[in-house]
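Trainee: I should like to learn how to read a protein model, one feature at a time. May we begin with the whole and then turn to the details?

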Amino acid sequence: MTDLRELYQEVILDHSKRPRNFGELPEANRRVDGQNPLCGDQTTIYLKIADGVVQDAHFVGAGCSISMASASMMTEAVKGKTVAEAEALFHHFHALITGEERDDDAPDLGKLAVFSGVCEYPVRVKCAALAWHTFKAALEGHGEHVTAEESK
Ligand code: ZN
């Protein structure tokens, strides 16, 4: 278990130091700002949605390593997904970080599983959730500004 934790930590550190899809997305048709006042994390999510598919996802932001890694990995995970698939991913990720029971038909979260340990730290749940809540608001096309208010 210790090895697994170390591996997870490495993945999170890697993504926080070298975030993927970082930067504005000029062709985006959705843009939502989000912040987690508890930790001071902030993020802006840019999406290009066309034909019911998330064609591209970028983010800009600053915050703790968990919030940065979560945003980086979220943009990778949702790219190319249909809106319905992306919403399902949001729900499963949310269940993962809050420690809820998972459905039997839950999809494999792949690399996102590195955030499973976060559920042990309620304060960190908001850091990991921020990018996803902001993404969901952007997906639904409402709200220019969201705060991570979900907690365990
Ligand atoms: Zn944070």
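**Reading the model step by step**

Trainee: What is the overall pattern of helices and strands along the protein chain?

Mentor: Please bear in mind that this is a predicted model. The protein chain has four helices and four strands, and along the sequence they follow the pattern α-β-β-β-α-α-α-β. Of its 152 residues, 46% count as buried. Among contacts in the protein chain with a separation of 6 or more, 60% are between residues 24 or more positions apart.

Trainee: Which protein atoms are the donors of the zinc ion?

Mentor: One begins by listing the atoms around the metal. The zinc ion has as protein donors the SG atoms of Cys39, Cys64 and Cys127, together with Asp41 (OD), which is listed twice; they lie 2.2 to 2.7 Å from the ion. Along the chain, the donors follow the spacing C-x1-D-x22-C-x62-C. Distant parts of the chain are linked here: Asp41 belongs to strand S2 (residues 41-50) and Cys127 to helix H4 (residues 122-140), 86 residues apart.

Trainee: Is Asp41 buried or exposed?

Mentor: A residue counts as buried when its relative accessible area is under 20%. Asp41 has a value of 1%, and therefore it is buried. Cys127 also counts as buried, because its relative accessibility is 1%.

Trainee: What does the side chain of Asp41 reach at 2.9 Å?

Mentor: To describe a residue, one looks at its neighbours. The side chain of Asp41 reaches the backbone nitrogen of Cys64 at that distance, and it makes a polar contact with the side chain of Ser67 at 3.3 Å. The C-alpha atoms of Asp41 and Cys64 are separated by 6.4 Å, although the two residues are 23 residues apart along the chain. Beyond its sequence neighbours, Asp41 touches several residues, including Gly34, Ala62, Cys127 and Leu130.

Trainee: Where does Asp56 lie, and with which side chain does it make a polar contact?

Mentor: Asp56 lies in strand S3 (residues 53-62). Its side chain makes a polar contact with that of Lys79, at 3.0 Å. Asp56 is buried, because its relative accessible area is 15% and the cut-off for buried is under 20%. Among the residues it touches are Leu25, Tyr46 and Leu47.

Trainee: How does one judge the length of a helix, and what is the case for H2?

Mentor: One compares an expected span with the distance between the end C-alpha atoms. Helix H2 (residues 65-78) has 14 residues and should span 20 Å at 1.5 Å a residue; its end C-alpha atoms are 20 Å apart, so the two values agree. For helix H3 (residues 83-98), with 16 residues, the expected span is 22 Å and the end C-alpha atoms are 23 Å apart, which agrees.

Trainee: How many residues of H2 are buried?

Mentor: Twelve of the 14 are buried, and H2 is thus mostly covered. Among them are Ile66, Met68, Met73 and Val78. In H3, the buried residues include Leu89, Phe90, Phe93 and Ile97. The buried residues of H3 pack against S3, H2 and H4.

Trainee: At what angle do H2 and H4 pack, and which residues meet there?

Mentor: For a pair of helices, one considers the angle, the distance between axes and the handedness. H2 and H4 pack at about 35 degrees, with axes 8 Å apart, and their crossing is right-handed. On the side of H2 the meeting residues include Ser70, Ala71 and Met74, and on the side of H4 they include Ala128, Ala131 and Trp132. An α-helix has 3.6 residues a turn, so residues three or four places apart point the same way.

Trainee: Which residues other than glycine have a positive phi?

Mentor: Two examples may be compared with the glycines. Asn21 has a phi near 55 degrees and lies in the loop between helix H1 (2-17) and strand S1 (30-36). Asp51 likewise has a phi near 55 degrees and is found in the loop between S2 and S3. Asn21 is buried, at 18% relative accessible area, whereas Asp51 is exposed, at 77%. As for the glycines, Gly80 takes a positive phi of about 90 degrees just after H2, and Gly99 one of about 75 degrees just after H3.

Notes
Residues are numbered from 1 along each chain as its sequence is written. This is a predicted model: local features need pLDDT of at least 70, side-chain atom pairs count only at pLDDT 80 or more; totals for chains, interfaces and linings use all residues. Side-chain values use heavy atoms; hydrogens and water are left out. Donors are N, O and S atoms within 2.8 Å of the metal (3.2 Å for Na, K and Ca); water is not among the atoms, so sites may look incomplete. Buried means under 20% relative accessible area, exposed over 50%, partly exposed in between (1.4 Å probe, protein chains only). A polar contact is a pair of N or O atoms within 3.5 Å; within protein, one must be able to donate a hydrogen and the other to accept it, and residues adjacent in sequence count only if both atoms are side-chain atoms. Contact means heavy atoms within 4.5 Å. The expected span of a helix is 1.5 Å times one less than its number of residues. Axes are lines fitted to C-alpha atoms, for helices over the stretch in contact, and angles run from 0 to 180 degrees between N-to-C directions. A crossing is left-handed if the near helix is turned anticlockwise from the far one by less than a right angle, and right-handed if clockwise.
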